[in-house]
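Work through the exercises below with the sequence and the coordinates open. Each task is followed by a solution in steps.

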Amino acid sequence: MKGKEAGEKVIREMMGAEMAERLLASAASGTFGSDIAGYAIDQAFGDIWTRPSLDRKARSLVTMAVMIALRQPNEFGIHMNIALNNGLTLDEIEEALIQTLPYVGYPAVATALAAANKVIQERGLDNTPDYRGHRGLL
C-alpha cells in the first residue's frame, strides 16, 4: 500500500483524528493549495514515512532536525507533536535540539525552543509547578 491510502492511514496514526481530518479536508477542498496538501498526504506521508528502513521515531528526529535548521517553528511544533505520538520522550527531543546546536546555532535552536514550549504547555507535559516556559537563552 503506497500513496494516498497509506498516507491517510499514517497521518491518522501520527497526527490524531482532528489534525488528520483538517489535512484531509484541505486536500479535498479543491481550493488554493489543496493539491499541495494532497501531495503531502500521498508523497511525504504515504510514500516516504512508510519506507521500512527507519522507524517513525527516527523519522521524527530527522524531520525535527530539518525544521530546526530551516527555522520553521510552526512545522517544528507539528512534528514535535507527531514525535511525541510516535513515542519520543521530551528528553529525546531536547537531546535532538542539543545535537543540532553546533551545526545550526543558537538562534535556530532558540526558535525551536519557543515552539517546543508551546507544545509542552498545550499537552500539559511539564511536571515542574513553577515552570513558566522557555524564557530565551539569556
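**Exercise 1: A charged residue in helix H4**

Arg59 is buried but takes part in no salt bridge, and the nearest side chain of opposite charge, Asp55, is 7.1 Å away. The model is a predicted one.

Task: Explain why the pair Arg59 and Asp55 is not counted as a salt bridge, and place Arg59 in its surroundings.

Solution.
Step 1. Arg59 is found in helix H4.
Step 2. A salt bridge needs a side-chain nitrogen of Lys or Arg within 4 Å of a carboxyl oxygen of Asp or Glu. Asp55 is 7.1 Å from Arg59, so the pair does not meet the cut-off.
Step 3. With neighbours within four places in sequence left aside, the contacts of Arg59 are Ile48, Trp49, Arg51, Pro52, Ser53 and Leu54.

**Exercise 2: Thr63**

Task: Decide whether Thr63 is buried or exposed, and list its contacts beyond four places in sequence.

Solution.
Step 1. Thr63 belongs to helix H4, which covers residues 56-69.
Step 2. The relative accessible area of Thr63 is 15%. Buried means under 20%, so Thr63 is buried.
Step 3. Leaving aside neighbours within four places in sequence, Thr63 is in contact with Trp49 and His79. Trp49 also appears among the contacts of Arg59.

**Exercise 3: The nonpolar cores**

Task: Describe the largest nonpolar core and state which element gives the most to it.

Solution.
Step 1. The largest nonpolar core has 17 residues. Those with the most contacts inside this core are Met64, Ile68, Phe76, Met80, Ile93 and Leu97.
Step 2. Two or more residues come from each of H4, helix H5 (73-85), helix H6 (90-104) and helix H7 (106-123).
Step 3. H7 gives the most to this core, with seven residues.
Step 4. Apart from this core lies another, of 13 residues, with Met14, Ala20, Trp49 and Ile82 among them.
Step 5. For Ile68, not counting residues up to four places away in sequence, the residues touched are Phe76, Leu97, Thr100, Val104, Ala108, Val109 and Ala112.
Step 6. As background, nonpolar side chains tend to be buried together in soluble globular proteins.

**Exercise 4: A nonpolar patch and the loop between H4 and H5**

Task: Find which residues make the nonpolar surface patch, then characterise the loop between H4 and H5 through Leu70, Arg71 and Gln72.

Solution.
Step 1. Leu54, Val62, Val66 and Leu70 make a nonpolar surface patch of about 340 Å².
Step 2. Leu70 lies in the loop between H4 and H5. Its relative accessible area is 51%, and exposed means over 50%, so Leu70 is exposed.
Step 3. Arg71 has its place in the loop between H4 and H5. Arg71 counts as partly exposed because its relative accessibility is 44%. Phi of Arg71 is near 55°, a positive value in a residue other than glycine.
Step 4. Gln72 is likewise placed in the loop between H4 and H5, and at 37% relative accessibility Gln72 counts as partly exposed.
Step 5. Gln72 and Ala115 are 43 residues apart along the chain, and their C-alpha atoms are separated by 9.1 Å.

**Exercise 5: Salt bridges in H1 and H2**

Task: State how many salt bridges the structure holds, and examine the pairs Glu8 and Arg12, Glu13 and Lys9, and Glu18 and Arg22.

Solution.
Step 1. The structure holds five salt bridges.
Step 2. Glu8 and Arg12 form a salt bridge whose closest N and O atoms are 3.9 Å apart. These two residues are four apart in helix H1 (residues 4-15), so about one helical turn separates Glu8 and Arg12. Arg12 is partly exposed, at 39% relative accessibility.
Step 3. Glu13 forms a salt bridge with Lys9, with the closest N and O atoms 2.5 Å apart. Glu13 and Lys9 are also four residues apart in helix H1, and about one helical turn separates them. Both count as partly exposed, Glu13 at 38% and Lys9 at 42% relative accessibility.
Step 4. The side chains of Glu18 and Arg22 meet in a salt bridge at 3.4 Å, N to O. Because Glu18 and Arg22 are four residues apart in helix H2 (residues 17-28), about one helical turn separates them. Glu18 counts as exposed, at 63% relative accessibility.
Step 5. Glu8, Arg12 and Glu21 are joined into one network by salt bridges that share partners.

Technical notes: Residues numbered from 1 in each chain as written. Predicted model: local features only at pLDDT ≥ 70, side-chain atom pairs only at ≥ 80, totals over all residues. Heavy atoms only, no water. Buried < 20%, exposed > 50% of the residue type's maximum accessible area, 1.4 Å probe, protein only. Contact = heavy atoms within 4.5 Å. Core = buried A, V, L, I, M, F, W, Y, C linked by side-chain atoms within 4.5 Å. Lys, Arg positive; Asp, Glu negative; His and termini not counted. Patch = residues over 30% accessible without salt bridge, like charges linked within 9 Å, V, L, I, M, F, W, Y side chains within 5 Å. Areas by Shrake-Rupley, 256 points an atom, 1.4 Å probe, with all protein chains shown as cover.
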